[in-house]
Amino acid sequence: MTDLETRLTATLTARADRPVSTDALGAAAVRRAHIVRRRRRAIGAAGLAAVLVALFAVVRLPAPGVGDNGLPVAAGGGEVGTDPSVVHFALDYGVLDKTVATEWVSSSKGYEKATVYDGENRWWVTFYLATDEAILDRAAGDDHGAEEPSTVNGEPALLREGFYDNARAFEIRWEPRPGVHAMLLASVNTADFALQVAESIRLDRALRCVMPLRLTELPPGYRWVECQTRVRRTPTAGQPRWIHSGLTVEQPGGTPVLIWTIERRAADPSVQAAFHPNRTVAGWPAEWRTTSPRGLWFTTFGPMELFVCALNPEDADALTEAEATRLATHLEVSRNLDAPSTWPTRAAG
């Protein structure tokens with residue numbers, strides 16, 4: 001497996017635990033998503049964990065606090081799961097004080113989520129907000145034990161223990177307000193700590209899911225559906241280090257297309273050995289790959305690496321070279337990768 005395949009696989013399988021639209025992808029794709037989701041931990045033992053350890057090098061963390069989320073505060077923000085630029089919650093790093101990196105996902109598909117990791121990948125916590133509890137059911141899977149009654153900030157909740165991504169974890173479900181469903185999956189040592197994390201999540205604020213690039217023009221019939229950004233905490237509160245981002249747009253027929261960016265590694269010999277540029281797009285050498293993973297690859301696109309592809313491998317043929325080229329041509333890149341407050345407030349349009 002090439003370096004590109006390894007890193008793209010890690011990114012896409014990390015995304016596979018997000019709720020999947022059965023209308024768009026069908027029941028078979030949902031089953032596949034859960035299979036890939038469970039596979040992530042197996043990959044992590046040899047590959048993904050090594051990537052996380054390398055990326056999330058142990059640093060001296062700042063004094064923890066709610067304001068250390070690393071994303072700009074959003075004014076208003078509409079309803080949960082309707083705007084791919086907004087997440088309607090914030091994390092309290094006073095409780096999650098060992099967190100080294102956080103991945104945020106906002107979507108117009110009825111859900112939002114954030115996953116936090118510690119520096120050695122010994123534990124993780126994922127929090128979901130959704131407008132349909134069936135979305136949470138698909139994300140949680142079915143490998144769990146009996147439910148127990150509990151409470152989260154005085155609201156009735158259900159607690160159960162099970163296995164998620166081959167890891168023992170606690171699942172907590174509650175309804176913070178009518179029509180909005182919350183779920184915490186926590187691979188932590190005790191149910192008490194999982195409940196403490198659930199109670200620490202701030203639902204009285206909204207944050208912008210931002211990334212250091214912007215798609216200035218959507219092709220006719222396309223729409224922006226999801227924002228994904230991972231940042232690493234640094235010694236300076238509120239100034240995280242960028243790791244990677246994914247901008248997902250949807251073609252007129254419903255096929256999702258991923259614009260994926262990561263820290264540039266053009267000097268890596270393994271990257272150069274795998275990269276075979278066969279065109280120039282937006283002034284940068286690029287390779288249109290016809291083998292898996294199929295798509296348009298740039299080892300250098302300004303200060304980052306870029307890959308444009310169909311989100312699901314079975315849809316690879318749906319994205320043409322011309323469409324991928326058009327998307328890349330209309331991208332603007334922020335030069336400061338470590339200042340989210342300076343990134344575009346919306347990643348598309």
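The following exchange goes through one helix and the strands that come after it in a predicted model.

Residues are numbered from 1 along each chain as its sequence is written. In this predicted model, local features need pLDDT of at least 70 and side-chain atom pairs count only at pLDDT 80 or more, while totals for chains, interfaces and linings use all residues.

Trainee: Which residues of helix 3 are buried?

Mentor: Helices here are DSSP runs (H or I, at least four residues), strands likewise (E, at least two), numbered from the N terminus, and helix 3 covers residues 133-140. Buried means under 20% relative accessible area with a 1.4 Å probe, protein chains only. By that criterion the buried residues are Ile135, Leu136, Ala139 and Ala140.

Trainee: Why do these residues lie on the same side of helix 3?

Mentor: An α-helix has 3.6 residues a turn, so residues three or four places apart point the same way. The arc is taken from the directions from the helix axis to the C-beta atoms. The buried residues share a side of helix 3 because they cover an arc of only 130°.

Trainee: Which residue caps the N-terminal end of helix 3?

Mentor: The cap brings a side-chain oxygen to 2.9 Å from the backbone nitrogen of Ala134. The residue that supplies this oxygen is Asp132.

Trainee: How many bridges join strand 6 to strand 7?

Mentor: Two strands pair if DSSP finds at least two bridges between them. Strand 6 (residues 155-164) and strand 7 (residues 167-177) run antiparallel, with Leu159 opposite Ile172. The number of bridges joining them is 8.

Notes:
Heavy atoms only, no water. Buried < 20%, exposed > 50% of the residue type's maximum accessible area, 1.4 Å probe, protein only. Polar contact = N/O pair within 3.5 Å; in protein donor to acceptor, adjacent residues only side chain to side chain.
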